[in-house]
Amino acid sequence: MTEERIARLNELARKSKTIGLTEEEKQEQATLRLEYLASIRQSLEAQLDNVYFLEKDGTKTKLQKKDEEKKPLS
């Protein structure tokens, strides 16, 4: 998500608290919020994809999603 779109989302939030939003602005805000949340989730998933656990025996185990099996790395 670009800085301009984040700035617009913040602008709409401020306007919402002061004078209120039109229906079109409410739709835009909802769309921007969904885009922002998707961006956050994508960033977090990318970060978690690079997490490894160092086991006592020296092997590295990649962090797996709950439904995946553990696969140790050499």
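At 13% relative accessibility, E25 counts as buried, which is a handy place to start reading this predicted model. E25 belongs to helix α2, which covers residues 23–48, and α1, at residues 3–18, is part of what covers the buried residues of α2. Five salt bridges are found in the structure, and a nonpolar surface patch is formed by M1, Y36, L37 and I40.

**The two helices**

- Helix α2 has 26 residues and should span 38 Å at 1.5 Å a residue; its end C-alpha atoms are 38 Å apart, so the expected and modelled spans agree.
- Helix α1 has 16 residues, and its first and last C-alpha atoms are 23 Å apart, close to the 22 Å expected at 1.5 Å a residue.
- Just after α1 comes G20, whose phi is positive, at about 95 degrees.

**Buried residues of α2**

- E25, Q29 and L32 are buried in α2, and the cover over the buried residues of this helix includes α1.
- E25 is called buried because its 13% relative accessibility falls under the 20% cut-off.
- Beyond its neighbours within four places in sequence, E25 is in contact with R8, L12, K15 and G20; G20 is the residue with the positive phi just after α1.
- A polar atom of the E25 side chain also lies 3.0 Å from the backbone nitrogen of T22.
- Q29, likewise in helix α2, counts as buried at 7% relative accessibility.
- Setting aside residues up to four places away in sequence, Q29 touches L9, L12, A13, S16 and L21.

**Salt bridges between the helices**

- E35 and R5 form a salt bridge, with their closest N and O atoms 2.8 Å apart.
- This pair joins distant parts of the chain, since E35 sits in helix α2 and R5 in helix α1, 30 residues apart.
- Both partners are partly exposed: E35 has 27% relative accessibility, and R5 has 35%.
- R8 and E28 meet through their side chains in a salt bridge, at 2.9 Å from N to O.
- R8 is in helix α1 and E28 in helix α2, so this pair ties together parts that are 20 residues apart in sequence.
- R8 is partly exposed at a relative accessible area of 24%, and E28 is partly exposed at 30%.
- R8 is also one of the residues that the buried E25 contacts.

**A salt bridge within α2, and a network**

- The side chains of E23 and K26 meet in a salt bridge, at 3.7 Å from N to O.
- E23 and K26 are three residues apart in helix α2, so about one helical turn separates them.
- An α-helix has 3.6 residues a turn, so residues three or four places apart point the same way.
- E23 is exposed, with a relative accessible area of 55%, whereas K26 counts as partly exposed at 42%.
- R8, E11 and E28 are joined into one network by salt bridges that share partners.

**Nonpolar surface patch**

- M1, Y36, L37 and I40 together offer about 320 Å² of accessible area in their nonpolar patch on the surface.
- Y36, a member of this patch, lies in helix α2 and is partly exposed, with a relative accessible area of 33%.

Terms used
Residues are numbered from 1 along each chain as its sequence is written. This is a predicted model: local features need pLDDT of at least 70, side-chain atom pairs count only at pLDDT 80 or more; totals for chains, interfaces and linings use all residues. Side-chain values use heavy atoms; hydrogens and water are left out. Helices (H or I, at least four residues) and strands (E, at least two) are DSSP runs, numbered from the N terminus. Buried means under 20% relative accessible area, exposed over 50%, partly exposed in between (1.4 Å probe, protein chains only). A polar contact is a pair of N or O atoms within 3.5 Å; within protein, one must be able to donate a hydrogen and the other to accept it, and residues adjacent in sequence count only if both atoms are side-chain atoms. Contact means heavy atoms within 4.5 Å. Patches are made of residues with over 30% relative accessible area and no salt bridge: like charges are joined within 9 Å, nonpolar side chains (Val, Leu, Ile, Met, Phe, Trp, Tyr) within 5 Å. Accessible areas come from the Shrake-Rupley method with a 1.4 Å probe; for residues, only the protein chains shown count as cover. A salt bridge is a side-chain nitrogen of Lys or Arg within 4 Å of a carboxyl oxygen of Asp or Glu. The expected span of a helix is 1.5 Å times one less than its number of residues.
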